[in-house]
Amino acid sequence: MLLCMASNQQTRPGIGELAKDSARSRIGVVMGEVGGRVQIRPIGGGREWDALPDNVVALSAREELSTRLAIKNGNSRDRL
């Protein structure tokens, strides 16, 4: 018997991808997984935090666009 996954089922973001820790409402970059927890680093750098795998979700299109725009704006301010 074949089992089909729902087409709307999302996979957890991989290393180097933007992700949201839904328990803390924080967005960062996935750095790895240690001891059953996902390590996420703030976008601007800094200390990583651990998140439960079930709480790590992909960003919505709006969240990703907003985050990437904020990164670009921050980068352009640094050059002034």
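## Strand 3 and its two faces

Strand 3 covers residues 37-42 and has two faces. V38, I40 and P42 make up the covered face. R37, Q39 and R41 make up the uncovered one. In a regular strand, side chains alternate between the two faces of the sheet. The model described here is predicted.

Which strands pair with strand 3? One partner is strand 2, residues 26-34, which pairs with strand 3 in the antiparallel sense over 6 bridges. Here G32 stands opposite Q39. Strand 4, residues 49-51, also runs antiparallel to strand 3, and 3 bridges join the two. On that side, V38 has A51 as its bridge partner.

## The whole sheet

In what order do the strands lie in the sheet? The order is 4-3-2-1-5. These 5 strands form an open sheet, and the pairing is antiparallel. Strand 4 and strand 5 (56-57) are the edge strands, and each pairs on one side only.

Now follow the order from strand 2 towards strand 5. Strand 1, residues 18-21, runs antiparallel to strand 2, and 4 bridges join them. L18 has V29 of strand 2 as its bridge partner. D21 stands opposite R26, also in strand 2. Strand 1 and strand 5 pair over 2 bridges, again in the antiparallel sense. In this pairing K20 stands opposite V57 of strand 5.

## Three hairpins

Strand 1 and strand 2 form a hairpin with 4 residues between the strands. Strand 2 and strand 3 form a hairpin with 2 residues between them. In the hairpin of strand 3 and strand 4, 6 residues lie between the strands.

Which residues in these hairpins take a positive phi? In the turn between strand 2 and strand 3, G35 has a positive phi of about 60 degrees. In the hairpin of strand 3 and strand 4, G45 has one near 95 degrees. S25, in the hairpin of strand 1 and strand 2, has one near 55 degrees.

S25 deserves a second look. Its phi is positive although S25 is not a glycine. S25 sits in the loop between strand 1 and strand 2. Is S25 buried or exposed? S25 is exposed, with a relative accessible area of 56%.

## Salt bridges

Side chains of opposite charge can pair when their charged atoms come close. How many salt bridges are counted in this model? The count comes to 5. Three of them are described here, beginning with R12 and E33. Their closest N and O atoms are 3.4 Å apart. R12 lies in the segment before strand 1 and E33 lies in strand 2, so this pair ties together parts that are 21 residues apart in sequence. R12 is partly exposed, at 37% relative accessibility. E33 is partly exposed too, at 47%.

R24 and D21 form another salt bridge, with their closest N and O atoms 3.7 Å apart. How accessible are these two residues? R24 counts as partly exposed, with 47% relative accessibility. D21 is buried, with a relative accessible area of 2%. D21 is also the strand 1 residue that stands opposite R26.

## Helix 1 and its link to strand 1

Helix 1 spans residues 61-78 and holds both E64 and R68. These two residues form a salt bridge, and their closest N and O atoms are 2.9 Å apart. How far apart are E64 and R68 along the helix? They are 4 residues apart, about one turn of the helix. E64 is partly exposed, with a relative accessible area of 31%. R68 also counts as partly exposed, at 45%.

E63 lies in helix 1 as well. E63 is partly exposed, at 23% relative accessibility. Which side chain does the side chain of E63 contact? The side chain of E63 makes a polar contact of 2.9 Å with the side chain of K20. K20 is the residue that stands opposite V57 in strand 5. E63 can also be compared with A19. The two are 44 residues apart in sequence, and their C-alpha atoms are 9.8 Å apart in space.

Methods:
Residues numbered from 1 in each chain as written. Predicted model: local features only at pLDDT ≥ 70, side-chain atom pairs only at ≥ 80, totals over all residues. Heavy atoms only, no water. Buried < 20%, exposed > 50% of the residue type's maximum accessible area, 1.4 Å probe, protein only. Pairing = 2+ DSSP bridges. Salt bridge = Lys/Arg side-chain N within 4 Å of Asp/Glu carboxyl O. Polar contact = N/O pair within 3.5 Å; in protein donor to acceptor, adjacent residues only side chain to side chain.
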